[in-house]
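Visitor: Please examine one part of this chain closely, namely how its helices and strands pack against one another. I should like a single connected account, with each term explained as it arises.

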Amino acid sequence: MLTPDHPSFIPIVLPNDVAVLKQVPPQEALMLSAVYSANPRMRDLIKHARDCTATLLIDPKTAHFQFEGYMSMPDYRALPYSPGNQTLGTLWQPARFTRAEERGALIDSVLTVQQELGADILLAPYFYVPHFEHPWLEVSRLCATEAIGTSRNQPVGVQVVVDIDALIDPDHRANIAAVYASIKAALFWVTIINYDERRADSRDADTVLKFVNTLVATGVPVVLSHVGRTGLLAIAAGAAGYAAGTYGLETHPRSFFREMMGSRLMNSYYLHEGLIHTPVRTAEACLRLNEPICHPTCDCAACKKSTAISQMVSRQLALHAMLRRLIEVEELGVVNAKDRYDYLIDLFNTARNKSAQLAEALGDNDSHRISHGEFHYLEVLREAAGGPKATIPSEDELT
């Protein structure tokens with residue numbers, strides 16, 4: 001059960017992740033894409049995900065049908081509720097779902113696919129909301145409310161997919177939050193479109209945290225999706241956990257709806273003391289530095305099997321990143337809830353200083369260097385947790 005008392009890191013599982021999942025302990029929760037149901041090659045992944053988690057979630061991907069990208073993706077078009085299932089494809093418009101019959105047919109199909117994949121919490125159809133006055137917000141509310149009202153004998157959660165720009169204004173944010181807070185959901189799965197913590201300023205991070213706080217206040221478990229260390233802040237705010245890919249998927253730009261996002265090979269190493277990802281050669285250069293700057297070799301299951309970071313294959317790098325996230329959440333979870341912000345201020349400050357030390361020691365060697373922009377985001381998160389204000393870097397420092 002997802003609860004703030006025992007927060008979780010929830011992997012968003014990509015097609016190549018089955019090898020990684022087979023090397024980690026059983027998970028509290030995982031999320032799969034409903035698109036995998038259309039591909040026979042995904043059966044092993046689906047079975048293993050079902051067997052190794054207490055709470056399986058299935059993303060119905062309904063917001064993708066608001067954009068043309070799905071039309072060139074056979075697996076998306078194969079979903080029974082896809083508008084391209086039997087035609088060349090069209091884009092969903094809010095007017096299509098003004099009639100209860102249309103919403104009912106969509107809800108029935110979306111929930112059926114999830115049940116067939118063994119989901120423990122069903123997720124209502126959802127849509128991307130670009131601003132607080134957009135009609136997709138009301139369609140999202142209606143679909144969520146009516147999905148919860150179906151007699152499926154299973155809890156139904158609600159995905160909240162809203163643009164960061166729609167939340168910046170406090171009144172707009174309050175209006176959107178009020179719409180979702182009125183829904184008697186079993187879970188809020190929140191994705192803030194175009195929020196990238198690596199490029200975000202303090203206002204962006206504060207906005208995300210305040211939005212999460214409002215939903216947490218409803219008493220419904222909240223999961224913040226497609227984030228990195230901002231997920232730790234969400235947990236400190238009372239969220240039940242955060243979600244990302246085993247590697248990547250730490251942000252959801254609007255372009256993902258159009259261009260999609262599949263599994264990709266990983267060629268970076270997560271320097272866990274600095275809370276940053278670097279190219280494998282840069283990480284290896286860090287290990288060669290003399291004490292006390294040297295980043296210690298990680299003792300996780302992935303790193304123990306390799307004599308050098310540069311020789312780690314993609315699944316080892318992904319396993320390392322996932323295990324470190326699980327450790328970070330576990331360590332935060334044992335901290336008293338009222339002390340979690342202070343804990344994170346210290347964590348982000350220590351990681352920021354470690355990264356700065358490594359950057360200085362490596363120098364300006366183009367083949368392996370760490371720029372200020374790679375760890376400046378830790379100052380932003382530190383400020384969002386209630387710590388000192390972040391510096392304002394120049395454009396050159398962010399590149």
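**Helix packing, strands and buried residues**

Guide: Helices α4 and α5 lie oblique to each other. In this classification, angles under 35 degrees count as roughly parallel, over 145 as roughly antiparallel, 65 to 115 as roughly perpendicular, and the rest as oblique. This is a predicted model, in which local features need pLDDT of at least 70 and side-chain atom pairs count only at pLDDT 80 or more, while totals for chains, interfaces and linings use all residues. Residues are numbered from 1 along each chain as its sequence is written, and side-chain values use heavy atoms, with hydrogens and water left out.

α4 covers residues 100–116 and α5 covers residues 135–148; they pack at an angle of about 60°, with their axes 10 Å apart. Axes here are lines fitted to C-alpha atoms, for helices over the stretch in contact, and angles run from 0 to 180 degrees between N-to-C directions. Helices (H or I, at least four residues) and strands (E, at least two) are DSSP runs, numbered from the N terminus. The crossing of α4 and α5 is right-handed; a crossing is right-handed if the near helix is turned clockwise from the far one by less than a right angle, and left-handed if anticlockwise. On the α4 side, Arg-103, Ile-107 and Leu-111 make the contact, and on the α5 side Leu-142, Cys-143, Glu-146 and Ala-147 do so. Contact means heavy atoms within 4.5 Å. Sorted by class, the residues of this contact are five nonpolar, no polar and two charged. Ala, Val, Leu, Ile, Met, Phe, Trp, Tyr, Cys and Pro count as nonpolar, Asp, Glu, Lys and Arg as charged, and the others, Gly among them, as polar.

Leu-111 of α4 also leads to strand β4, since it is one of the residues that Leu-123 touches. Leu-123 is placed in β4, residues 122–123, and is buried at 0% relative accessibility. Buried means under 20% relative accessible area, exposed over 50%, and partly exposed in between (1.4 Å probe, protein chains only). Not counting residues up to four places away in sequence, the contacts of Leu-123 include Met-31, Ile-58 and Asp-59, together with Val-110, Gln-114 and Val-158. Its C-alpha atom is 22 Å from that of His-134, eleven residues apart in sequence.

Ile-58 and Asp-59 reappear at Leu-32, which touches both of them, as well as Val-13, Leu-45, Ile-46, Ala-49, Leu-56 and Leu-57, residues up to four places away in sequence not being counted. Leu-32 belongs to strand β2 and is buried, with a relative accessible area of 2%. The strand itself, residues 27–33, is mostly covered, six of its seven residues being buried. β2 runs parallel to β3 (residues 53–59), and six bridges join the two; strands pair if DSSP finds at least two bridges between them. Ile-58 in β3 is the bridge partner of Leu-32.

A second helix pair, α6 (residues 170–181) and α7, packs at an angle of about 30°, with axes 9 Å apart. These two helices are therefore roughly parallel to each other, and their crossing is right-handed. Arg-173, Ile-176, Ala-177, Tyr-180 and Ala-181 in α6 meet Thr-207, Lys-210, Phe-211, Thr-214 and Leu-215 in α7. By class, six nonpolar, two polar and two charged residues take part in this contact of α6 with α7.

Two loop residues deserve mention for their backbone. Asn-194, in the loop between β7 (188–193) and α7 (202–216), has a positive phi of about 70° although it is not a glycine, and it is partly exposed at 37% relative accessibility. Asn-153, in the loop between α5 and β6 (156–163), has a positive phi of about 60° and is likewise not a glycine; Asn-153 is exposed, with a relative accessible area of 82%.

Finally, β10 (residues 268–271) and β11 (residues 276–279) pair in the antiparallel sense over four bridges. They form a hairpin with four residues between them, and Leu-275 in the turn has a positive phi of about 55°. In a regular strand the side chains alternate between the two faces of the sheet. In β10, Ser-268 and Tyr-270 point one way and Tyr-269 and Leu-271 the other, and all are buried. Ser-268 has a relative accessible area of 9% and stands opposite Pro-279 in β11. Beyond four places in sequence, Ser-268 touches Tyr-247, His-277, Thr-278, Pro-279, Val-280 and Leu-317.
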